[in-house]
Amino acid sequence: MATHSHDHTPRPLTSKPVSGLSGSILVPGDKSISHRSLILGTVADGQTRITGLLEADDVMATAGAMRALGATIVKNGDQWLVDGMGNGSLLEPEQPLDFGNAGTGSRLTMGLVAGYDFPVKFVGDASLSSRPMGRVLNPLRETGMQVDAAQGDCLPLTVHGAPLAIPITYRVPVASAQVKSAILLAGLNIAGTTTVIEPVMTRDHTEKMLAGFGADLSINVDSQGARHIALKGQTDLQAQDVTVPGDPSSAGFAIVAGLIVPHSDLTVRNVLLNPTRTGLIDTLIEMGADLTVENRRQSGGEDIGDIHVRSCQLKGVKVPAERAPSMIDEYPVLAVAASFAHGETHMLGLEELRVKECDRLAVTARNLEANGVDCTEGKDYLVVRGGAVPGGGQVETHLDHRIAMSFLVMGMAAQNPVSVDDVTMIATSFREFEDLMHSLGARFS
Ligand code: S3P
């Protein structure tokens with residue numbers, strides 16, 4: 001059997017203080033929608049054509065997995081073409097599925113194969129192999145799926161769906177779009193109705209896109225505000241033309257850079273503005289950001305727009321716990337923005353940050369401190385006391401792309417350069433980051 005080594009040579013990078021970022025950039029496609037367009041294309045009948053797919057390592061790992069399950073996926077010009085197998089027709093993969101650093105791709109695929117009576121092995125890098133998979137495996141076990149996993153339900157692991165899988169009703173105990181999505185995808189090939197109850201709304205791309213591909217799906221909100229998403233299994237899905245909007249999580253780095261680097265004026269175009277994803281923009285506006293959304297329009301069934309930012313003095317705010325799901329990947333870069341703000345920023349409800357590509361709550365706090373920023377890390381909160389940011393620190397990224405990018409942004413506006421130990425992981429979500437930031441005036445060496 002092939003061995004899966006994720007050793008890589010770290011590439012350090014230093015970001016130097018600059019003045020006046022300017023220009024206009026187009027961020028690459030949304031990662032969440034990119035994974036889902038490949039997955040749904042694989043189980044649809046016909047050819048799905050995807051424009052604007054994010055060509056980052058995480059998404060390419062999902063493309064590799066979908067090929068191993070039988071889909072034909074090729075790039076043709078600026079479109080990605082997925083020849084689907086049809087719902088219920090996935091093939092047993094001959095090799096382990098290697099998801100690299102990708103939590104979303106691996107967890108969604110565990111769900112996708114839960115209705116199939118064959119074994120599928122999942123492997124990944126050191127970061128992914130330390131992340132909890134029980135949150136998707138436990139509900140999937142209720143369908144009858146067998147799991148052969150290392151201690152703590154971590155990768156590497158093998159799943160085997162039941163010959164007659166049982167449809168489940170599952171109330172998601174943590175605010176996680178990945179858990180919701182894994183169960184709904186499992187329901188696609190399970191006879192009967194699979195229901196996910198979501199007390200706290202998370203990004204809704206899976207349910208919107210399932211409906212777009214023709215799945216039989218209904219959503220009801222109960223008197224407590226919980227969403228009940230019911231999917232009828234074993235119906236046909238139809239191939240679609242998908243246009244992937246720009247990723248708001250990637251846009252966040254340029255937006256914060258434009259706010260904290262003095263004399264900046266820049267525009268980030270084509271950004272997804274789905275309300276389950278705009279928590280960072282809402283928070284920055286509360287902090288007094290000079291930020292306007294221009295050209296609001298519709299693309300691929302989603303609101304998108306261009307974000308125009310000019311640098312300004314931010315002020316500290318309290319970011320309520322309820323907002324966390326709509327900006328869960330943006331806290332590291334928000335913490336950087338808060339470092340430059342007047343006063344304290346309190347970020348609450350951050351328990352999920354501990355199980356991201358690294359323990360993002362602890363790693364953000366340690367790297368703020370390494371750059372002279374006063375902060376307090378609680379069990380599920382972070383308080384940042386803003387002001388002048390000395391910088392000059394050595395940032396440890398722990399295989400986390402968003403930590404790397406956030407602290408490179410800090411270096412653009414700190415008093416001294418900020419050095420990051422390894423930027424190779426940026427390719428998992430945003431390989432154009434360095435070039436695009438450079439085009440706006442950033443200086444890296
Ligand atoms: C994602 C959901 C979030 C997010 C991740 C992408 C998705 O994870 O952090 O980057 O595409 O469903 P959780 O579901 O674990 O919150």
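Trainee: Before we look at anything, what counts as a salt bridge here?

Mentor: A salt bridge is a side-chain nitrogen of Lys or Arg that lies within 4 Å of a carboxyl oxygen of Asp or Glu. Please keep in mind, as we go on, that this is a predicted model.

Trainee: Okay, and how many salt bridges are there between domain 1 and domain 2?

Mentor: The count between domain 1 and domain 2 is five salt bridges. As for polar contacts, the rule finds 14 residue pairs across the interface of the two domains, with both residues of each pair at pLDDT 80 or more. On the side of domain 1 that touches domain 2, the residues divide into 10 nonpolar, nine polar and nine charged.

Trainee: Which residue does Lys 208 meet in a salt bridge?

Mentor: The side chain of Lys 208 meets that of Glu 302, with 3.1 Å from N to O.

Trainee: Back up a bit, where do the two domains run along the chain?

Mentor: Domain 1 is made of two stretches, 13–29 and 245–444, while domain 2 covers 31–243. To their contact, domain 1 gives 28 residues and domain 2 gives 27 residues. The C-alpha centres of the two domains lie 29 Å apart.

Trainee: And how much area do domain 1 and domain 2 bury between them?

Mentor: They bury about 2200 Å² between them, and 47% of that is on carbon and sulfur atoms. The accessible area lost when parts come together is often used to give the size of an interface.

Trainee: New topic, in what order do the four strands of the open sheet come?

Mentor: The order is β22-β23-β1-β24, and the pairing in this open sheet is mixed. At the edges are β22 (394–395) and β24 (443–444), each of which pairs on one side only.

Trainee: How do β1 and β23 pair, parallel or antiparallel?

Mentor: Strand β1, residues 13–16, pairs with strand β23, residues 418–420, in the antiparallel sense over three bridges. Within this pairing, Ser 15 stands opposite Val 418 of β23.

Trainee: Last thing, which peptide bond is cis?

Mentor: The bond from Leu 155 to Pro 156 is cis, with omega near 0 degrees, and Pro 156 has its place in strand β9, which spans residues 154–160.

Trainee: What about Gln 234, is its phi positive or negative?

Mentor: Gln 234 has a positive phi, near 60 degrees, in a residue other than glycine. You will find Gln 234 in the loop between β13 (227–232) and β14 (241–243).

Methods:
Residues are numbered from 1 along each chain as its sequence is written. This is a predicted model: local features need pLDDT of at least 70, side-chain atom pairs count only at pLDDT 80 or more; totals for chains, interfaces and linings use all residues. Side-chain values use heavy atoms; hydrogens and water are left out. Domain bounds come from an automatic or database domain assignment. Contact means heavy atoms within 4.5 Å. Buried area is the accessible area (1.4 Å probe) that two parts lose on being put together, summed over both. A polar contact is a pair of N or O atoms within 3.5 Å; within protein, one must be able to donate a hydrogen and the other to accept it, and residues adjacent in sequence count only if both atoms are side-chain atoms. Ala, Val, Leu, Ile, Met, Phe, Trp, Tyr, Cys and Pro count as nonpolar, Asp, Glu, Lys and Arg as charged, and the others, Gly among them, as polar. Two strands pair if DSSP finds at least two bridges between them. Helices (H or I, at least four residues) and strands (E, at least two) are DSSP runs, numbered from the N terminus.
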